[in-house]
Amino acid sequence: MRYLVTGGCGFIGSHLVDALIERGDEVVVLDDLSSGRLQNLNKRASLLPGSVLDPALVRRGVRDIQACIHLAAIASVTRSAEDWVGSHNVNQTGLIAVLDALRQAKLSVPVVYASSAAVYGDQRHVPIAETASPMPLSAYGADKLCCEVQARTAARSCGLPSLGLRFFNVYGPRQDPASPYSGVISIFARSLLEGLPLTIFGDGLQTRDFVFVGDVVACVLAAVGKASLKADVLNVCTGTATTVAQLAAAVMSAGRASVPVMYREARAGDIRHSVGSPFRAVAELGRENRTPLDVGLGRTLGWL
Ligand code: UD1
């Protein structure tokens with residue numbers, strides 16, 4: 001099959017492209033290399049360098065494809081606060097541009113796109129099921145929620161089948177530890193390898209649902225066959241809560257090293273508990289996200 005993968009040079013996208021090529025699919029990647037890296041890109045993929053906001057380029061990207069996986073985004077809550085309009089353009093208009101190119105090409109191929117746990121905001125009850133009322137606390141979460149609305153509308157109005165995946169805290173090799181917007185695992189892993197202290201924001205008892213990138217890729221692949229005119233959404237999570245303090249200990253244990261842990265003031269707007277219910281996704285996609293945290297941490301540290 002021929003796939004378009006937007007954001008295919010990024011952290012999740014590049015692993016996905018490897019998996020598609022490994023099983024014999026043909027892959028066109030559209031990426032502006034703003035956070036993605038050329039060195040991450042599989043040599044057998046073809047690259048269309050540029051933005052999802054360039055309609056002519058997206059039209060070229062969708063040519064003759066059988067499925068589309070849209071991951072291109074500015075995947076940062078902090079950035080969305082600093083640059084509301086710029087983030088919005090990429091994060092919401094980017095999906096619209098892909099849907100519009102498919103509509104114009106009269107291609108009703110499955111579209112799998114990245115949504116986020118950020119759509120939920122701070123929920124009272126965890127684990128959070130897809131039926132919870134979304135209450136985003138950030139412009140990033142709001143854009144991802146609007147993407148879900150746009151995808152549902154495209155299903156009804158243009159007959160475009162889709163499935164949105166609400167990613168929880170994804171981690172693994174190729175997540176850039178140098179970026180100020182990076183995830184806590186890559187930051188902790190790099191600090192440990194450099195012998196620097198780990199900084200915990202707040203009391204360290206906030207919880208997250210850390211899901212390994214290899215499992216995320218398997219979910220995306222399974223999701224392609226499940227895209228439909230229901231334009232549904234599924235959590236991509238493990239259902240396991242890990243506190244940030246437990247994570248710090250787990251990173252040190254995986255790296256067989258020890259560094260001091262420092263506590264700092266909590267981040268403004270930090271979500272207290274973010275843990276997803278995996279049950280609907282397990283039933284729909286027929287697979288579980290099984291990589292244990294210690295195994296995933298070992299692979300992440302091994303890559304750095
Ligand atoms: C994450 C995602 C975001 C997603 C959101 C959904 C990442 C990088 N961000 O944000 O894209 O939309 O979930 O809710 O995956 N922390 C420390 N020390 C550090 C860094 C972080 O204690 O050095 C803490 C944070 O305060 C937070 C937790 O670790 O409580 C996780 O932080 P982070 O990895 O940045 O992710 P989220 O804030 O959950």
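**Exercise 1.** Which helix and which strand each supply at least two residues of the shell around the ligand?

*Solution.* Keep in mind that this is a predicted model. Start with the elements: helix 6 (184–193) and strand 8 (198–201) each put at least two residues into the ligand shell. Next, look at who gives the largest share: that's strand 8, with 3 residues. Then zoom in on the residues themselves. The shell holds 21 of them, and the ones that come nearest are Ala-117, Ala-118, Gly-183, Val-184 and Phe-201. Finally, sort the shell by class, and you get 11 nonpolar, 7 polar and 3 charged residues.

**Exercise 2.** Work out where the ligand sits relative to the two domains.

*Solution.* First, get the bounds straight. Domain 1 covers 2–169 + 211–236, while domain 2 is pieced together from 171–209 + 240–275 + 291–303. Now check which of them feeds the ligand shell: domain 1 and domain 2 both give residues to it, so the ligand lies between them.

**Exercise 3.** Describe how domain 1 meets domain 2, and say what the domain 1 side is made of.

*Solution.* Begin with the spacing: the C-alpha centres of domain 1 and domain 2 are 25 Å apart. On to the contact, where domain 1 brings 20 residues and domain 2 brings 17 residues. Now pick out the elements on the domain 1 side. Helix 1 (11–22), helix 3 (77–82), strand 10 (210–212) and helix 7 (213–224) each chip in at least two residues there. Last step, the chemistry: the side of domain 1 touching domain 2 splits into 10 nonpolar, 7 polar and 3 charged residues.

Technical notes: Residues are numbered from 1 along each chain as its sequence is written. This is a predicted model: local features need pLDDT of at least 70, side-chain atom pairs count only at pLDDT 80 or more; totals for chains, interfaces and linings use all residues. Domain bounds come from an automatic or database domain assignment. Two residues are in contact if their C-beta atoms, placed from the backbone, lie within 7 Å. Helices (H or I, at least four residues) and strands (E, at least two) are DSSP runs, numbered from the N terminus. Ala, Val, Leu, Ile, Met, Phe, Trp, Tyr, Cys and Pro count as nonpolar, Asp, Glu, Lys and Arg as charged, and the others, Gly among them, as polar. A residue is near a molecule or strand if its C-beta atom, placed from the backbone, lies within 6 Å of it.
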